[in-house]
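Please walk through this structure with me, from domains to helix pairs to the contact between chains.

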Amino acid sequence: MAERVFITGVGMITAIGDDVVGNLHSLRSQHSGLGYTEYIDTIYRQVLPVAEVKHPSESLFALAGVPVKDGYTRTTLLGLIAMREALQHAGIEEVQSVPTGFINASTVGGMCDTEKVYFDIIDPEKNGAFLQYIDTLDCADCTQRIADVVGFSEHIATISTACSSSANALMFGARMIRQGMLPRVVCGGTEALTRFTLNGFNSLKNVDKQFCRPFDQQRTGLNLGEGAAYLVLESESFAKANNSRILAELSGYCNTNEAFHPTSPSPDGDGAYEAMKTALAMSGHSLEQVEYINVHGTATLNNDVSEGKALERLFGDKVPLFSSTKPFTGHTLAAAGAIEAIYSILAIQHGLIFPNLNFSEKMEELSITPVTQLLEGYPVNNVISNSFGFGGNNASLVISKYEG
Amino acid sequence: MKGKCYIQGMAAISPQPTFEGDIFQAPLVHTDSNLLACIEPDYKPFIPGNSLRRMTRTLKMGLTAALKCIQDSGISTPGPIITGTGKGSLQDTEKFIKEIVEYKETALNPTPFIQSTYNSVNGLIALQQKCTAYNNTFVHRGFSFENALLDSIMMIQEGASHTLTGAFEEITKEHFYIKSRIGCWKSTSVNSQEVYQHLSPGTIAGEGATFFTLTGAATPQSYAAISGFRMLYKPSEEKLATALRDFSEGADLIICGRNGDSNHEHYYEVLDACFPGVPQLPFKHLCGEYDTAGAFGLWLGARILRAQQLPASWFPMQEQLTAPVHSILFYNHFFGEQHVMLRLERV
């Protein structure tokens with residue numbers, strides 16, 4: 001019998017807060033992080049909204065607790081800030097005190113910084129400190145720098161499955177624990193805004209010039225965001241022996257591929273349906289026991305139809321309360337799964353259902369609508385958190401209240 | 001690592017003629033350009049022409065190696081697809097970075113952006129195979145393929161009958177230049193077949209796409225069993241020596257990732273000291289150095305185990321096997337950071 005996997009620490013930074021408390025405060029006060037970029041060099045600066053972390057990279061060094069140094073990208077710094085909070089929250093002073101893995105997620109690594117110096121890097125006439133950024137071109141760079149600063153040495157990995165990356169990181173870490181390979185694994189993802197990604201999504205014509213409107217009939221696309229989030233996962237036996245404070249249980253998960261189209265989901269949401277259904281079955285909970293779904297809800301035309309259809313197919317006329325928190329944080333790609341997993345824990349801990357901002361008109365394809373007002377004092381025991389990505393990569397997590 | 005898994009099918013696109021034909025009769029391809037590029041196969045039997053035109057090199061190599069591996073395994077039922085790649089499609093990443101500037105961020109073609117996504121090869125394989133099972137992509141330098149392998153072994157432990165597990169990497173001219181700026185490659189031209197004799201800073205670059213079908217049960221066609229597996233991140237020499245000794249008692253052949261790079265040769269000297277007298281086959285003169293070269297090394301070991309012979313032209317320095325090989329120790333590291341050891345056994 002595989003062990004249960006508990007969440008014993010969380011840490012995050014997003015456009016709506018530098019830590020978990022800050023995020024909770026903004027969610028409660030319905031304060032969105034969407035605005036216009038201060039830090040990306042793009043012609044869309046005043047055109048395409050983004051949810052940017054409100055600090056220049058230079059100030060992030062202090063928050064991350066490292067001296068200012070070339071080679072530390074914004075991706076790494078955001079990750080370090082969230083990592084330090086997660087470890088502290090879990091009461092971990094020395095990560096090597098017990099074998100601890102680190103499973104990170106990233107979609108474009110240090111592109112935020114390398115895109116600024118790329119043309120110097122490939123120019124033989126140019127020389128300078130920018131050469132320090134050559135290794136930051138890949139996704140492992142941020143993982144290793146974070147690992148080296150805080151001292152992970154046991155098992156490290158980086159996952160990149162587009163928008164489902166950190167949900168898959170959580171799943172991989174949980175599976176390592178269930179297989180008895182490690183008692184503790186820290187999982188999550190980090191993502192910094194880049195001109196590369198902004199132009200990528202814009203070339204696909206799915207970025208909204210207004211603040212994004214998930215599950216709204218008039219939605220026209222997503223807004224990108226940035227941030228990082230990590231969750232400390234522990235095996236039941238370790239958490240109990242260690243007297244860890246248990247925040248919630250990662251009770252179910254599923255990764256499935258839709259095999260439909262390189263960038264679009266199927267209109268009936270086959271992948272989303274399968275991922276949610278299988279994850280819930282693994283958790284041992286019934287459809288009726290799910291009180292809240294933190295949907296992927298990017299506000300692209302295709303995602304919301306597909307995900308909405310999947311919800312209707314799975315839950316029939318009893319679809320639980322659901323909302324997309326992307327109008328708060330933007331779509332943070334590799335970090336989204338971990339950020340929204342933490343929001344799911346906050347929903348359970350504080351009895352909250354977060355509103356789906358910017359919704360006004362029901363989609364004609366669906367009979368369901370998201371929650372639009374903050375609900376407080378609402379008992380939440382089980383949450384499904386969805387992350388769906390390019391390449392047909394679908395991931396659903398079930399996060400459950402810890403009953404002791 | 002608990003239990004064993006078995007290699008039921010394999011395919012490799014590499015700088016050597018590994019994709020088809022008899023490798024035991026194959027010549028040794030070598031270069032003095034410090035860059036071993038893949039011999040690309042005819043993709044048409046694998047990929048329809050209209051798709052082929054849109055796809056860049058990494059996607060074609062990755063997808064084709066995966067499809068050939070499925071053919072070789074004789075297992076056509078789709079299962080989990082798990083890959084590793086350090087850099088993904090560099091050609092697409094480079095193209096999109098440049099087009100953003102060239103077209104001043106307007107009217108951009110999204111294809112290079114889509115194809116630069118690290119999981120695009122996985123998505124393509126799933127799409128082609130109508131495979132809705134588990135799908136994951138690891139992107140961690142010298143642990144990319146190895147984490148994919150770990151994930152696959154875990155999948156098999158959890159009940160999957162088989163997995164499609166692979167790695168792919170390309171080296172572009174531009175990326176070769178970029179990496180030369182931080183001393184990854186040798187500064188003078190070296191004949192690839194003599195790379196081990198030229199012990200100096202840097203090595204030679206390479207690339208490849210290698211796929212495996214892994215199963216939980218052996219069959220008469222199985223190439224080899226993977227019975228041990230360990231990854232070490234930035235270990236001290238002492239920690240490495242202890243791990244190597246604990247790991248592979250009784251190996252009668254060693255396959256190692258030695259590459260003539262004097263900056264990191266000392267780790268291979270630890271290996272030499274741990275296993276004096278056990279014959280060693282280095283493989284980087286065949287494939288060059290890249291994030292997922294370990295997958296090629298595993299492919300080579302499995303071929304040798306099943307055939308019980310060496311590709312003679314590839315190892316002129318080594319005499320033919322005099323005794324049966326039952327157990328191979330594989331050890332590789334990537335620029336001294338990610339260290340991997342695998343134990344392969346004859347089935």
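What follows is a short tour of a predicted model.

Start with chain A. The domain assignment splits chain A into domain 1 (5-242) and domain 2 (248-401). Taken over C-alpha atoms, the centres of domain 1 of chain A and domain 2 of chain A are separated by 21 Å. Their contact draws 62 residues from domain 1 of chain A and 55 residues from domain 2 of chain A.

Look next at the side of domain 1 of chain A that touches domain 2 of chain A. The elements that give two or more residues to this side include strand 1 (5-14), helix 1 (20-28) and strand 2 (50-51) of chain A. Strand 5 (184-191), strand 6 (224-225) and strand 7 (227-235) of chain A are also among them. So is helix 6 (165-178) of chain A, and helix 6 of chain A gives the most, with seven residues. By class, this side of domain 1 of chain A has 32 nonpolar, 23 polar and seven charged residues.

Stay with helix 6 of chain A. Helix 6 of chain A packs on helix 12 (residues 336-350) of chain A at an angle of about 70°, with the axes 5 Å apart. The two helices, helix 6 of chain A and helix 12 of chain A, are therefore roughly perpendicular to each other. Helix 6 of chain A makes the contact through A:Ser165, A:Ser166, A:Ala167 and A:Leu170. Helix 12 of chain A answers with A:Ala336, A:Gly337, A:Ala338 and A:Ala341. The residues of this contact between helix 6 and helix 12 of chain A divide into five nonpolar, three polar and no charged.

Now turn to another helix pair in chain A. The axes of helix 9 (residues 270-283) of chain A and helix 10 (residues 301-315) of chain A come within 8 Å and cross at roughly 45°. Helix 9 of chain A and helix 10 of chain A are therefore oblique to each other. Their crossing is right-handed. Helix 9 of chain A brings A:Ala272, A:Tyr273, A:Met276 and A:Lys277 to the contact. From helix 10 of chain A come A:Ser306, A:Glu307, A:Ala310, A:Arg313 and A:Leu314. The residues of this contact of helix 9 with helix 10 of chain A are five nonpolar, one polar and three charged.

Move on to chain B. An unreviewed UniProt entry lists residues 46-176 of chain B as "domain: Beta-ketoacyl synthase-like N-terminal". The end C-alpha atoms of residues 46-176 of chain B lie 29 Å apart. This span of chain B is 53% helix and 12% strand.

Chain B offers a helix pair too. Helix 8 (residues 237-247) of chain B and helix 9 (residues 265-274) of chain B pack at about 40°, with axes 10 Å apart. Helix 8 of chain B and helix 9 of chain B are therefore oblique to each other. Helix 8 of chain B passes helix 9 of chain B in a right-handed crossing. B:Glu237, B:Leu240, B:Ala241, B:Leu244 and B:Arg245 of helix 8 of chain B meet B:His266, B:Tyr267, B:Val270, B:Leu271 and B:Cys274 of helix 9 of chain B. By class, the residues of this contact are seven nonpolar, one polar and two charged.

Finish where the chains meet. Here 45 residues of chain B are in contact with 44 residues of chain A. Elements giving two or more residues to the chain B side include helix 3 (90-102), helix 6 (144-157) and strand 6 (224-233) of chain B. Helix 5 of chain B gives the most to this side, with five residues. By class, the side of chain B that touches chain A has 22 nonpolar, 14 polar and nine charged residues.

Definitions and conventions:
Residues numbered from 1 in each chain as written. Chains lettered and ligands numbered in written order. Predicted model: local features only at pLDDT ≥ 70, side-chain atom pairs only at ≥ 80, totals over all residues. Axes fitted to C-alpha atoms, helices over the stretch in contact; angles between N-to-C directions. Helix = DSSP H or I, 4+ residues; strand = E, 2+ residues; numbered from the N terminus. Parallel < 35°, antiparallel > 145°, perpendicular 65-115°, else oblique. Left-handed = near helix turned anticlockwise from the far one by under 90°. Contact = placed C-beta atoms within 7 Å. Nonpolar A, V, L, I, M, F, W, Y, C, P; charged D, E, K, R; others polar. UniProt positions renumbered as here; feature names shortened; annotations may be inferred. Domains from an automatic or database assignment.
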